[in-house]
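Thank you for making time this morning. I would like to walk you slowly through one structure, strand by strand and ring by ring, and I ask you to keep the picture in view while I talk.

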Amino acid sequence: MNKLIALFIGLLAAATLAQAADFATANADYQAGHFAQAAEQYQELLKRDGPRAAVLQNLGSAHFQLGDYGQAILAFERAKLLDPGSAAIAADLKLVRERAGAFHVAEPDRWQALAARWPAHHWSLLLLAGVLLLPVTGGLWLLRHKPAAWVVGLCAVVAMGTACAAIRSLEIKTQRAIVTANPATLRLSPFATAESKGTLPAGSEVHLGKQTKAYHHIKTPDATTAGWVSEDEVEPIVPKDGK
Amino acid sequence: MSTRILLFIFSMLLSVAYGEGITAQLSSPSAEAGQGVVLTLRVDGSPDRPPQLPTVKNLIVNTRGTSQNMSFINGKMSRSVAYNYAIGSNQPGEYLIPAIKVKINGMEYQTQPLKLTVRASANAVPQGMEDGDDTATKPQSDFGFVEFQMLANERKHIYPGEIVPVRIKAYFPMNTRINLRGNPRPDGSAFTLHNLSDRPQQGREQIDGKVYTVVTWFGGLSATKAGKYPANFVVDVTAQVPDPNAMPVRRPRPGPFNDPFFDNNFADMFQQMIEKDVTLKCQNSPVVEVRELPTQGKPEGFTGAIGEFAFEAVNVPRAMGTGEPVQLSARVKGSGNFALLGQPTPLPADEWKTYAGKDDFQPTDIAAFSGAKSFEFSAVPLVPGYKELRLGFSYFDPNKGEYIEVKSEPFQVNITGESKLHEKAEPETKPEVVKTPTGPQLAPLSEKTGPVCSYRAITHEPWFAPVAAGSGLLTLCFIAAGIWRERREDPERIARLEARAREAHALHMAETAAKQHDVPGFFSAARDVLRMRVAKDAPNAVTLDEISNELSENARELWRVADRIDYSGQEAPAAELPHWLDVLKSELQTIPAKGAAHE
């Protein structure tokens with residue numbers, strides 16, 4: 001049994017070390033100026049392990065160096081979702097937006113700004129804590145500790161209510177997307193031969209609407225421009241598969 | 001036999017009743033070029049076949065339908081058919097319409113020739129687009145043909161990227177059933193067709209005496225490279241033609257009126273047809289010369305726009321600060337290839353840093369050749385001062401053969417702050433891969449990978465809903481158990497239950513005594529039952545006077561008999577015990593139970 005535990009721990013340690021080594025290799029490529037190679041390795045890490053704020057930040061930096069501002073903004077936006085409190089990610093995002101000329105971003109309201117201080121994952125952990133406190137409330141009630149039951153129950157309800165509202169507010173962000181093509185062509189109808197009615201530069205933030213075949217209906221945050229764009233030209237900030 | 005003779009005579013009478021003749025009349029003997037007059041051909045009787053108008057050069061003839069008239073005068077029926085045509089020309093001159101021949105009942109009739117004078121008009125259709133100038137070629141096939149015209153004014157050449165409006169017409173004979181399998185397309189790779197009209201126009205034309213259904217599209221033609229190329233368009237159609245191998249449909253014999261109008265015209269519907277895919281082409285393809293754009297005089301910011309353009313509106317803020325982005329918007333109208341018209345730049349260009357913005361094009365014609373394009377983009381001023389701001393762009397005018405630089409009206413703007421000329425960014429091109437990192441302004445790279453996170457809340461996980469539901473259910477169970485226990489341990493409830501038990505026991509004692517004819521025992525137990533039911537506290541100490549208001553007269557009498565038996569030694573007959581038992585039970589049903597303290 002001890003051998004099995006030791007083997008498991010050894011495998012876990014080996015996997016962790018391998019991840020760290022791959023990340024270090026990608027960083028070394030970046031430092032050497034091989035930005036395309038570094039970006040590819042960061043993408044591979046994300047695909048293999050799942051989303052990490054640090055990897056996304058470095059990926060955004062690599063795309064920035066390559067001049068692909070659309071992908072850079074997308075990577076930084078995703079990093080910000082996972083680590084909203086990081087000043088470095090916020091500064092990088094601001095810089096690349098200025099370079100891309102993507103100045104117009106949807107301004108969040110006060111509640112959205114408050115909810116954005118934590119990632120959605122943390123709010124959902126608070127919700128889970130509230131859910132698990134409910135049977136504790138019931139147990140205290142059963143054991144005749146009514147004042148304690150009231151306090152715990154109130155805490156549970158407040159935690160659940162706040163977390164639900166924050167998660168709901170952050171869910172709206174799943175509709176946001178970034179234009180990655182330079183530029184993206186806006187069409188009147190969702191097919192390739194439809195008449196073009198305009199373009200959007202890379203890095204522009206849009207709201208995703210209905211999807212038909214390989215086209216998304218999008219609107220700019222100020223709602224002055226709307227049309228259909230190919231799904232290759234725009235990417236949602238929250239990936240569909242969550243990775 | 002007699003019936004047949006009568007029918008023959010009747011048909012002869014009817015044929016004699018027809019007034020047979022033919023007349024042709026023009027609504028007006030003259031018209032302006034580009035205008036038309038109506039030619040009415042009136043046939044008295046029933047022509048063997050629809051009349052065919054003779055062809056006259058430069059004279060356009062379009063059918064305008066037929067009308068029929070039947071009348072009974074003095075018992076005689078007469079019938080006439082009127083064929084209407086719109087006739088005109090775009091070329092001024094004198095036109096002689098020859099006699100029109102029509103066969104009626106096998107005999108040929110003809111009209112007098114007609115003369116039409118076409119005067120010159122100021123509203124003539126631009127040269128090259130008139131219907132009369134169509135090189136109406138003989139059809140290359142029985143299914144129709146294609147023609148197109150290019151509006152290029154006097155210029156016989158075009159430039160790569162220039163969009164030239166074209167009109168494409170497909171002619172289909174009236175007696176064929178044609179289905180279009182697609183829109184017209186250029187034949188070959190030298191040219192591209194743009195913005196073809198979604199809904200082509202339909203009409204009818206007569207060429208060489210034959211009537212055609214004409215479908216007309218408008219679009220833009222552009223060439224991809226310099227050279228001389230034949231310009232041709234093709235249209236794919238599916239035609240339904242009579243099956244040559246099928247048996248001919250037997251037509252019914254003519255009826256007694258000898259009139260094709262009354263004959264069975266549905267015979268054609270049963271004719272066996274087959275489908276045939278056909279590609280219609282132009283008979284003569286003109287060779288178009290595509291010249292390279294001149295290199296001399298090409299402005300630095302030229303984006304490839306060819307046509308004629310001008311500013312329609314410009315909007316700039318009047319106050320701004322160096323290094324701070326401002327929103328500029330402009331609207332450019334004109335005609336040409338708007339797709340290659342880039343956003344205007346603020347002038348002088350070296351004092352501004354501009355960013356790609358969004359654009360929107362609104363066409364004003366069916367081929368999207370003319371229209372207006374709106375631009376919205378951000379720019380950062382680099383040099384402070386109170387100065388004039390203009391927006392500018394350049395295009396190539398194909399008619400003049402030269403580049404034109406357009407500047408907007410000047411706007412007085414006030415730019416505050418320090419000069420940022422040294423901070424002007426590199427041109428917006430993909431930077432080359434360099435050996436050393438060039439992102440000093442970016443935050444340093446993260447050295448540690450950090451934990452794996454999730455974009456979405458765990459509420460999306462499949463296990464969350466069952467956990468939340470289980471937790472809620474468990475909570476409800478705990479709370480329900482607590483409430484149930486509290487109810488069980490309630491002292492008032494316990495006392496109430498005990499009082500009921502004692503009352504039931506006393507009632508049972510009374511019933512037993514009644515069965516055993518124990519008169520004193522019955523009345524004693526009955527009185528106890530009434531006490532327990534009525535008295536709140538210490539039921540054994542309650543007297544009749546205290547609770548007489550709550551008892552009925554029968555119950556009070558029961559109580560008095562019990563007291564007399566207890567205290568006076570009186571006796572009561574045992575035979576009355578069932579009666580008193582009934583009184584007791586009916587009283588218990590009317591008196592509500594009250595709480596009794598445990599003694």
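Before we look at any strand, one term is needed: a residue is called buried when its relative accessible area is under 20%, and exposed when that value is over 50%, with partly exposed in between. Please also keep in mind that what you see is a predicted model.

Let me begin with strand E9 of chain B, residues 114–119, which has a covered face made of B:Leu114, B:Leu116 and B:Val118, and an uncovered face made of B:Lys115, B:Thr117 and B:Arg119. Side chains in a regular strand alternate between the two faces of the sheet.

Which strands flank E9 in its sheet? The sheet is an open one of three strands, in the order E2-E9-E6 of chain B, and its pairing is mixed. Its edge strands are E2 and E6, each of which pairs on one side only, and from one strand to the next the twist averages 25°.

On one side, strand E2 of chain B, residues 30–32, runs parallel to E9 and is joined to it by three bridges; here B:Glu32 has B:Arg119 as its bridge partner, and B:Arg119 belongs to the uncovered face that I described a moment ago. On the other side, strand E6 of chain B, residues 93–97, pairs with E9 in the antiparallel sense over five bridges. Within that pairing, B:Ile97 stands opposite B:Leu114, and B:Tyr95 stands opposite B:Leu116, so that we meet two residues of the covered face again.

Chain B also holds an open sheet of three strands in the order E11-E21-E18, again with mixed pairing. The edge strands in this case are E11, residues 157–158, and E18, each pairing on one side only. E11 and strand E21, residues 287–290, pair in the parallel sense over two bridges, and the partner of B:His157 in E21 is B:Glu289.

Strand E18 brings me to the aromatic rings, of which a search of the whole structure finds 21 pairs over all chains. One of them, in chain A, is formed by A:Trp118 and A:Trp123, a tilted pair with 4.9 Å from centre to centre and 55° between the planes. Are these two residues buried or exposed? A:Trp123 counts as buried, at 9% relative accessibility, whereas A:Trp118, at 41%, counts as partly exposed.

In chain B, the ring centres of B:Phe191 and B:Tyr229 are 6.1 Å apart and their planes stand at 90°, which is why the pair is classed as edge-to-face. Because B:Phe191 lies in strand E15, residues 191–194, and B:Tyr229 in strand E18, residues 227–230, the pair ties together parts that are 38 residues apart in sequence. B:Phe191 is buried, with a relative accessible area of 7%, and B:Tyr229 counts as buried as well, at 17%.

Elsewhere in chain B, ring pairs link B:Phe309, B:Phe311, B:Phe338, B:Phe361, B:Phe393 and B:Tyr395 into a cluster. Back in chain A, a ring has a charge for company: the charged end of A:Lys146 sits over the ring of A:Trp141, 4.9 Å from its centre.

Now to chain A as a whole, whose secondary structure comes to eight helices and seven strands. Of its 243 residues, 49% count as buried. If we take the contacts in chain A between residues at least 6 apart in sequence, 54% of them join residues at least 24 apart.

Finally, how do the two chains meet? The size of an interface is often given as the accessible area lost when the parts come together. Chain B and chain A bury about 5,200 Å² between them, with 59% of it on carbon and sulfur atoms. In chain B, the residues that lose the most area to chain A are B:Leu442, B:Leu445 and B:Tyr455, together 17% of what that side buries. The contact takes 71 residues from chain A and 55 residues from chain B.

Strand pairing, too, crosses from chain to chain: strand E3 of chain A, residues 196–200, and strand E27 of chain B, residues 358–363, pair in the antiparallel sense over two bridges, with A:Gly198 opposite B:Asp360. E27 is also joined by six bridges to strand E28 of chain B, residues 370–381, and these two run antiparallel; there, B:Lys358 has B:Glu376 as its bridge partner.

Definitions and conventions:
Residues are numbered from 1 along each chain as its sequence is written. Chains are lettered from A and ligands numbered from 1 in the order in which they are written. This is a predicted model: local features need pLDDT of at least 70, side-chain atom pairs count only at pLDDT 80 or more; totals for chains, interfaces and linings use all residues. Side-chain values use heavy atoms; hydrogens and water are left out. Rings of Phe, Tyr and Trp (its six-membered ring) pair if their centres lie within 6.5 Å; planes under 30 degrees apart count as stacked, over 60 as edge-to-face and the rest as tilted. Buried means under 20% relative accessible area, exposed over 50%, partly exposed in between (1.4 Å probe, protein chains only). Helices (H or I, at least four residues) and strands (E, at least two) are DSSP runs, numbered from the N terminus. A charge sits over a ring if NZ of Lys or CZ of Arg is within 6 Å of the ring centre and within 35 degrees of the ring normal. Two strands pair if DSSP finds at least two bridges between them. Axes are lines fitted to C-alpha atoms, for helices over the stretch in contact, and angles run from 0 to 180 degrees between N-to-C directions. Contact means heavy atoms within 4.5 Å. Buried area is the accessible area (1.4 Å probe) that two parts lose on being put together, summed over both.
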